[in-house]
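Subject: Structure for you to look at

Hello,

Here is the structure I promised to pass on. Please open it first, then read my notes below.

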Amino acid sequence: GGEWCPYGMGGLSPELPLDQREEDGGSLLFDSEPLKQPITILGAPMVELEIEADQPAALVAVRLNDLRPDGSDLRVSYGVLNLTHREGHDKAVPLPSGKPVRVRVQMNEIGHVFPAGHRIRLALSTAYWPIIWPSPRPVRLRVHVAGSRLVLPLRERQPGDDKIGFEPPVTGRETRRRLIKGSEQERTITRDVTANEQIYEVARSDHSVIEEIGVETSFDKKVVYRIKPDDPTSARVDLREAYLNRHSQGWDTFVEAVTALSATETEFLVEASLKAFEGGKPFFARSWLERIPRNGV
């Protein structure tokens with residue numbers, strides 16, 4: 001699914017969603033016929049669903065995809081709704097067992113052209129890890145197709161569209177930096193078949209000196225997401241970040257933060273520790289363990 005908030009690093013760090021075919025294998029799919037002419041959308045796509053669930057707490061994730069003639073699949077936009085919030089985000093209302101409810105799921109605003117020959121695909125799923133924390137228990141949703149629809153923000157071609165252009169980008173002066181350790185980016189997805197566990201790791205690091213002001217900076221970050229697909233309570237995130245700021249005139253600081261998030265069916269567990277050093281000597285240290293009720297999440 002890519003990052004929740006990508007920074008646009010391009011090839012340096014592939015933060016955007018990958019080909020969606022693997023995700024589609026775990027989703028309920030609705031495809032249009034091949035388009036006879038291009039369709040342009042601009043705005044927020046929306047889905048109205050009539051659904052029923054077999055659990056009191058559930059979520060639904062919707063993805064709007066561009067299915068190409070070669071079979072590759074591009075995610076255009078997506079949206080997620082915690083179904084206990086179907087009446088508003090100020091309260092959690094459990095789902096009635098076996099009784100249909102109507103919900104609206106708004107996707108992120110987007111501008112996109114579906115070319116002729118492509119198909120429009122709507123994909124529905126009961127989870128979207130690690131973008132969204134999973135429901136407490138595995139969920140089965142039944143979709144009543146007759147009471148559901150996809151609404152697209154169509155944009156008709158306007159006179160002058162071919163004349164729209166942009167000025168060349170303006171960038172600031174590049175600061176002279178001396179690399180001690182160049183920027184490194186790693187993203188890996190692995191499956192432990194024996195443990196039936198999927199692991200997604202994101203790592204970034206950089207160490208350099210800003211020569212104009214004599215400041216040495218470094219950071220190391222590693223995030224590990226893990227889950228067993230058949231056990232939502234196995235979801236866990238471990239994060240470590242470390243930052244160094246040092247000046248040639250004498251000051252020297254180092255901060256390390258370690259955090260972990262996990263959950264049972266009834267509460268979230270947050271573990272964290274913070275350590276700060278000045279001149280290589282301990283300056284501050286603290287640890288936390290918080291338990292937060294899930295309250296419909």
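Start with the second largest pocket. Its lining has 20 residues, and Glu-3, Trp-4, Lys-221, Val-223 and Tyr-225 lie nearest the centre. Strands E12, E13 and E14 (231–247) each give two or more residues to this lining. E13 gives the largest share, with 4 residues. The pocket holds about 440 Å³ of space. By residue class, the lining has 13 nonpolar, 1 polar and 6 charged.

One caution before you go on: this is a predicted model.

The largest pocket

Now turn to the largest pocket. Its volume is about 1,400 Å³. It is lined by 47 residues. Nearest its centre are Glu-23, Ala-127, Tyr-128, Trp-129 and Gln-198.

Which elements supply at least two residues of this lining? There is one helix on the list, H1 (21–24). The strands are E3 (46–53), E4 (59–67), E8 (119–125), E9 (141–143), E11, E12 (197–210) and E13 (215–228). The largest share comes from E11, with 4 residues. The lining divides into 26 nonpolar, 10 polar and 11 charged residues.

Trp-129 deserves a second look. It lies among the residues nearest the centre of the largest pocket, and a cis peptide bond joins it to Pro-130. Omega there is about 0°. Pro-130 sits in the loop between E8 and E9. For background, most peptide bonds are trans.

The sheet

Several of the strands named above belong to one sheet. It is an open sheet of 7 strands, and the order is E11-E12-E13-E14-E15-E16-E17. The pairing is antiparallel. Which strands stand at the edges? They are E11 (177–192) and E17 (281–293). Each has a single partner strand, so one side of each is left without a neighbour in the sheet. From one strand to the next, the twist averages 5°.

Here are the pairs to look at, one by one.

- E12 and E13 run antiparallel and are joined by 13 bridges. Tyr-200 has Tyr-225 in E13 as its bridge partner. Tyr-225 is also one of the residues nearest the centre of the second largest pocket. The two strands form a hairpin with 4 residues between them. In that hairpin, Gly-214 takes a positive phi near 70°.
- E13 and E14 are also antiparallel, with 13 bridges. Lys-222 stands opposite Arg-240 in E14. This hairpin has 2 residues between its strands.
- E16 (residues 267–278) and E17 pair in the antiparallel sense over 12 bridges. Leu-269 stands opposite Arg-291 in E17.

As general background, strands of a sheet pair through backbone hydrogen bonds, either parallel or antiparallel.

Two asparagines with positive phi

Most residues other than glycine have a negative phi. Two asparagines are worth checking against that.

Take Asn-196 to begin with. Its phi is near 55°, a positive value in a residue other than glycine. Asn-196 is found in the loop between E11 and E12. Is Asn-196 buried, partly exposed or exposed? Its relative accessibility is 36%, so Asn-196 counts as partly exposed.

Then go to Asn-295. Phi of Asn-295 is near 50°, again positive in a residue other than glycine. Asn-295 lies in the segment after E17. Asn-295 has a relative accessible area of 61%. The cut-off for exposed is over 50%, so Asn-295 is exposed.

A histidine in a loop

The last stop is His-85. It lies in the loop between E5 (73–82) and E6 (101–106). Is His-85 buried or exposed? The relative accessible area of His-85 is 18%. Buried means under 20%, so His-85 is buried. What does His-85 touch, not counting residues up to four places away in sequence? His-85 touches Lys-91 and Ala-92.

When you open the model, I would go in this order: the two pockets, the sheet, then the single residues.

Best wishes

Notes. Residues numbered from 1 in each chain as written. Predicted model: local features only at pLDDT ≥ 70, side-chain atom pairs only at ≥ 80, totals over all residues. Heavy atoms only, no water. Pairing = 2+ DSSP bridges. Axes fitted to C-alpha atoms, helices over the stretch in contact; angles between N-to-C directions. 1 Å grid on protein atoms, 1.4 Å probe; cavity = no way out; pocket = protein on both sides within 12 Å on 5 of 7 lines; lining within 4 Å. Points joined across faces, edges and corners; volume = space filled by probe spheres on them. Nonpolar A, V, L, I, M, F, W, Y, C, P; charged D, E, K, R; others polar. Buried < 20%, exposed > 50% of the residue type's maximum accessible area, 1.4 Å probe, protein only. Contact = heavy atoms within 4.5 Å.
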